[in-house]
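Work through these exercises with the sequence and the 3D view open. Try each task before you read its solution.

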Amino acid sequence: MILVHGVPETDAVWQPLREALGRDDVVSLSPPGFGAPVPGGFGATAAEYRDWLIGELEQLAAPVDLVGHDWGGGHAMQVAMTRPELLRSWVSDATGVFEPDYVWHDLAQTWQQPGAGEELVDAMMNAPIEQRAARLVELGVTPEVARGMAAGQGEDMGRCILALYRSAAQPAMRQLGEDLPAAARRPGLVVVPTEDHYGGTVELRRRAAARAGAEAAVLDGLGHWWMVQDPDQGARVLSGFWGRLG
């Protein structure tokens, strides 16, 4: 099983879920700039992150169960739409961004603006680590995970955030979403935490799941970091999905 996280995270975000799953075959892949070095010439666009993930999966011996969160979920969906032979199944909590009427959240829209984006990223990435961790705790991350995520933040992550979100300004995601039905070539599960307001409404995310031919698991009362807030429930949902694949 392969886990891929998003923004502004490191693989520390997966630790509670990994413990709850209790498996020894779980591998976390950190996207460049988000807990991993940024290769020379890497532009940190959505297409380049898709190609990065494809390259990582091509090195594996067999199709995998891929789980993506936040932008990791976006990268996972692009793999499911373009290279299904690399997957046994996919799980994503970010399918809503591919819907034609999806509107980027306020934070993303600020990052997409020249000048304002740089100012916000500078304030976020260059604050003392204690402040960075405290902000993540305010958003629903546990203190231990928040410290691990904050430790990986810095100028490289900030540059990658700006490049990634600017490459994904509309109509880019809307255009990518035209291929969402292609993800149905592999079994899929869309995780829908009801209090996650970054990826669109619950209705929009359920609609995206249907277009992708996927199951939808609605997690009542959980937010963007559902895998941290209730890892046991997350593990049950994922294990149940994989169990139904046979």
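**Exercise 1. Describe how α6 packs against α7: give the angle, the distance, the handedness and the residues in contact.**

Step 1. Find the helices. Helix α6 covers residues 129-138, and helix α7 covers residues 143-151. Helices (H or I, at least four residues) and strands (E, at least two) are DSSP runs, numbered from the N terminus.

Step 2. Give the geometry. The two helices pack at an angle of about 130 degrees, and their axes lie 8 Å apart. That angle makes α6 oblique to α7. Axes here are lines fitted to C-alpha atoms, for helices over the stretch in contact, and angles run from 0 to 180 degrees between N-to-C directions. Angles under 35 degrees count as roughly parallel, over 145 as roughly antiparallel, 65 to 115 as roughly perpendicular and the rest as oblique.

Step 3. Give the hand. The crossing of α6 past α7 is right-handed. A crossing is left-handed if the near helix is turned anticlockwise from the far one by less than a right angle, and right-handed if clockwise.

Step 4. List the contact (heavy atoms within 4.5 Å). From α6 come Ile129, Arg132, Ala133, Leu136 and Val137. From α7 come Pro143, Ala146, Arg147, Met149, Ala150 and Ala151.

Step 5. Sort by class. The contact of α6 with α7 has nine nonpolar, no polar and two charged residues. Ala, Val, Leu, Ile, Met, Phe, Trp, Tyr, Cys and Pro count as nonpolar, Asp, Glu, Lys and Arg as charged, and the others, Gly among them, as polar.

A note on sources: this is a predicted model, in which local features need pLDDT of at least 70, side-chain atom pairs count only at pLDDT 80 or more, and totals for chains, interfaces and linings use all residues. Residues are numbered from 1 along each chain as its sequence is written, and side-chain values use heavy atoms, with hydrogens and water left out.

**Exercise 2. Do the same for α2 and α3.**

Step 1. Helix α2 spans residues 46-58, and helix α3 spans residues 71-82. Their packing angle is about 70 degrees, with the axes 9 Å apart.

Step 2. α2 and α3 are therefore roughly perpendicular to each other. The crossing of α2 past α3 is right-handed.

Step 3. On the α2 side, the contact uses Ala46, Tyr49, Arg50, Leu53, Ile54 and Leu57. On the α3 side, Trp71, His75, Ala76, Gln78, Val79 and Thr82 take part.

Step 4. By class, the contact of α2 with α3 has eight nonpolar, three polar and one charged.

**Exercise 3. Which residues make the contact between α5 and α8?**

Step 1. Locate the pair. α5 is 116-125, and α8 is 155-167.

Step 2. The axes of α5 and α8 come within 9 Å and cross at roughly 145 degrees. This crossing is right-handed.

Step 3. α5 contributes Gly117, Glu118, Val121 and Met125, while α8 contributes Met157, Gly158, Ile161, Leu162 and Arg166.

Step 4. The contact of α5 with α8 splits into five nonpolar, two polar and two charged residues.

**Exercise 4. Describe the largest pocket, then find the unusual backbone at one of its lining residues.**

Step 1. The largest pocket holds about 350 Å³ of space. On a 1 Å grid over the protein atoms alone, a cavity is a set of points where a 1.4 Å probe fits but cannot get out, and a pocket is an open set with protein on both sides within 12 Å along at least five of seven lines; lining residues have an atom within 4 Å of a point. Grid points are joined across faces, edges and corners, and a volume is the space filled by probe spheres set on the points.

Step 2. The pocket is lined by 20 residues, and the closest to its centre are Pro8, Leu107, Met124, Arg135 and Leu139. α6 gives the largest share of the lining, four residues.

Step 3. Look at Pro8. The peptide bond from Val7 to Pro8 is cis, with omega near -5 degrees. Pro8 sits in the loop between β1 (2-4) and α1 (15-21).

**Exercise 5. How many cavities of 30 Å³ or more does the whole structure have?**

Step 1. The search finds two.

Step 2. The largest cavity has a volume of about 160 Å³. Asp70, Trp71, Ala94, Val97 and Trp104 are the closest to its centre, out of 15 lining residues.

Step 3. The second largest cavity has a volume of about 30 Å³. Its lining includes Val7, Tyr49, Trp71 and His75.
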